[in-house]
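Please look over the sequence and the model below before reading on. The paragraphs that follow go through the structure step by step.

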Amino acid sequence: MTTASWNGTVVAESDDIVTVEGNAYFPREAVREDVLRPSETHSVCPWKGTASYLSLEVDGQLNRDAAWYYPEPKDAAREIAGRVAFWKGVEVR
């Protein structure tokens with residue numbers, strides 16, 4: 001089982017992980033919705049497409065843009081459709 005934790009709290013957990021460029025992508029349903037906060041941040045990857053970001057809020061602390069996903073990934077990255085990855089201090093093990 002792979003987990004993603006931040007601020008001492010598990011925010012995602014699954015044994016169905018897709019790894020791309022060293023990042024573990026969790027199924028969206030494996031991510032705790034109660035800790036996710038919307039973000040207006042976006043970035044573009046030439047082969048994956050446009051990423052959207054989410055912030056995490058745990059125990060009143062906010063980790064801005066700590067998660068990302070591709071709402072409509074390009075064909076080359078279709079395996080990460082419906083999945084979320086983490087960074088910015090989120091520990092994935």
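Which residue in β9 is the bridge partner of Ala4? In this predicted model, Ala4 is bridged to Val92 of β9. Two bridges join β1 to β9, and these strands run antiparallel.

The pairing belongs to an open sheet of three strands, ordered β2-β1-β9, with antiparallel pairing. At the edges stand β2 and β9 (91-92); each has a single partner strand, so one side of each is left without a neighbour in the sheet. Strands of a sheet pair through backbone hydrogen bonds, in either a parallel or an antiparallel arrangement.

Ala4 also appears in the nonpolar interior. The largest nonpolar core has 17 residues, and Ala4 is among those with the most contacts inside it, along with Val11, Phe26, Val31, Leu56, Phe86 and Val90. Two or more residues each come from β1 (2-6), β2 (9-14), β4 (23-27), β6 (49-58), β7 (61-69) and β8 (83-86). The largest share, three residues, is that of β6. Separate from this core is a second one of eleven residues, including Val20, Ala51, Tyr53 and Ile80.

The last stop is the loop between β7 and β8, where Pro71 is placed. Is Pro71 buried or exposed? Pro71 counts as partly exposed because its relative accessibility is 47%, and the partly exposed class lies between under 20% for buried and over 50% for exposed. Leaving aside residues up to four places away in sequence, Pro71 touches Thr50 and Ser52. Ala81 is ten residues from Pro71 in sequence, and their C-alpha atoms are 6.8 Å apart in space.

Key. Residues numbered from 1 in each chain as written. Predicted model: local features only at pLDDT ≥ 70, side-chain atom pairs only at ≥ 80, totals over all residues. Heavy atoms only, no water. Core = buried A, V, L, I, M, F, W, Y, C linked by side-chain atoms within 4.5 Å. Buried < 20%, exposed > 50% of the residue type's maximum accessible area, 1.4 Å probe, protein only. Helix = DSSP H or I, 4+ residues; strand = E, 2+ residues; numbered from the N terminus. Pairing = 2+ DSSP bridges. Contact = heavy atoms within 4.5 Å.
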